[in-house]
Amino acid sequence: MIHPTGEQYEIRSHRWSAVTTQVGAGLRSLRYDGVELLDTYRADEEPRRWQGAHLMPWPNRLRDGRYLIGETEYQLPVNEVARGNANHGLNVGQQWEMLSHMSSAVRQRTVFWPRRGWPGILAVEIVHELGENGLTVDVLATNIGTTTFPWGYGTHPYFRFDDLSQVELSIPFDAELMVDPERLLPVRLGPISSDHDFTASRRIGDTVLDTAFTDPLQRDWAVTLRGDGRAIKIWGDATTQWVQVFTPPTRASIAVEPMTCGPDAFNEGPTHRDRILLRSGESARARWGVSVPVPWPGTPEPR
């Protein structure tokens, strides 16, 4: 049987298991002690709402799908038609080559060739690896062509909970990106509003989030979710200094999205500082992961 997301690559280590996909190198499943942590989809289904997707060569939204490299303007297809934006990159439907598949790690690679609105030749490798402490994802992007282009990365895992209102959330960043309500594009970077202040852990309640947070002085960081008798930590390092937190209308999950840059970073504005320009032969990395900070109640100690 051929699945909509191609081959499925399962890895295991200690109490952890995960599945990544041939199409998009997506994270389709992440389990701890056999319990699925993600709001996900079956192998015979297509992903919905960017579940487990890797967002590249930009995360989030680009205004009108336009950006400049020097004096040259590029026009990408607009796939968020209602808001007039190019959203979440070019990785939808992209086939990835499996370079190695070990018991606890899978390494995949793809090349993004020039196309409408995208001038470069970009090679990307992703490693999903499980260990005793959970999942680590390493991303390496390299310009293997001759044309300079901008680069950004994000990812879109949804973590499922029975009742999101009872989940305690902590976000250790000190700045929030204010966006216009119609197109969700950047207006300014400023202090975190009281409604969105989760620097001290508290219940989500009826708070609605579709918000990017950052801290330019932060190095290692972790967003923590506590609910349904468990705690989940989503972490990043200095390569992923942004995180988007999204509460979908279903209120059955929450997306925590490590990013190298904020929305519309290819264009001048409050997020532009974190755009990376890759010249011929240059590379950029991104690193993030998921762990369980304390043992779950009722689970046996590892042998």
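Analyst: A residue counts as buried when its relative accessible area is under 20%, as exposed when that area is over 50%, and as partly exposed in between. Please keep in mind throughout that the model discussed here is predicted.

User: With that cut-off, is Leu184 buried or exposed?

Analyst: Leu184 has a relative accessibility of 15%, and because this is under 20% it counts as buried. The residue sits in the loop between strand 18 (175-179) and strand 19 (186-191), and its phi is positive, about 60 degrees, although Leu184 is not a glycine.

User: Where is Asp33, and what is its phi?

Analyst: Asp33 belongs to the loop that joins strand 3 (27-32) to strand 4 (35-36), and its phi, near 50 degrees, is a positive value in a residue other than glycine. Asp33 counts as partly exposed because its relative accessibility is 31%, which lies between the 20% and 50% limits.

User: Which peptide bond is cis?

Analyst: The bond that runs from Met56 to Pro57 is cis, and its omega is near 0 degrees. Pro57 itself is placed in the loop between strand 5 (53-55) and strand 6 (61-63).

User: Let us turn to the whole chain. What does the secondary structure consist of, and what is the radius of gyration?

Analyst: The protein has 27 strands and zero helices. Its radius of gyration is 19 Å, close to the 19 Å expected from the globule rule for 303 residues, so the protein is as compact as a globular protein of that length. Along the principal axes, the C-alpha atoms fill a box of roughly 60 × 45 × 35 Å, and 56% of the 303 residues count as buried.

User: How much of the contact pattern comes from residues 24 or more positions apart?

Analyst: Among contacts with a separation of 6 or more, 63% are accounted for by residues 24 or more positions apart. Leu62 offers a case at that separation, since Leu62 and Ala86 are 24 residues apart in sequence while their C-alpha atoms are 5.1 Å apart in space. Leu62 lies in strand 6 and, at 1% relative accessibility, counts as buried; setting aside residues up to four places away in sequence, it touches Tyr67, Leu76, Asn85, Ala86, Asp264, Ala265 and Phe266.

User: Which residues touch the most other members of the largest nonpolar core?

Analyst: The general idea is that in soluble globular proteins nonpolar side chains tend to be buried together. Here the largest nonpolar core has 62 residues, of which Val124, Trp151, Phe159 and Leu169 touch the most other members. Beyond its neighbours within four places in sequence, Val124 is in contact with residues including Met56, Trp96, Phe112, Val139, Leu140, Ala141 and Trp151, and also with Gln108, Arg109 and Thr110.

User: Is Thr21 buried or exposed, and what is it in contact with?

Analyst: Thr21 is found in strand 2 (residues 16-21) and counts as buried because its relative accessibility is 0%. Apart from neighbours within four places in sequence, the contacts of Thr21 are Thr5, Glu7, Gln8, Tyr9, Gly26, Arg28, Tyr41 and Gln108. Gln108 is thus a contact of Thr21 as well as of Val124.

User: Finally, how far apart are the mean positions of the charges, and what is the accessible surface?

Analyst: The protein has 31 positive and 38 negative charges, and their mean positions are 2 Å apart. The accessible surface comes to about 13,300 Å², with 49% of that area belonging to carbon and sulfur atoms.

Definitions and conventions: Residues are numbered from 1 along each chain as its sequence is written. This is a predicted model: local features need pLDDT of at least 70, side-chain atom pairs count only at pLDDT 80 or more; totals for chains, interfaces and linings use all residues. Side-chain values use heavy atoms; hydrogens and water are left out. Helices (H or I, at least four residues) and strands (E, at least two) are DSSP runs, numbered from the N terminus. The radius of gyration is taken over C-alpha atoms; the globule rule is 2.2 Å times the number of residues to the power 0.38. Buried means under 20% relative accessible area, exposed over 50%, partly exposed in between (1.4 Å probe, protein chains only). Contact means heavy atoms within 4.5 Å. Accessible areas come from the Shrake-Rupley method with a 1.4 Å probe; for residues, only the protein chains shown count as cover. Lys and Arg count as positive and Asp and Glu as negative; His and the chain ends are not counted. The place of a charge is taken as NZ of Lys, CZ of Arg, CG of Asp or CD of Glu. A nonpolar core is a set of buried Ala, Val, Leu, Ile, Met, Phe, Trp, Tyr and Cys residues joined through side-chain atoms within 4.5 Å.
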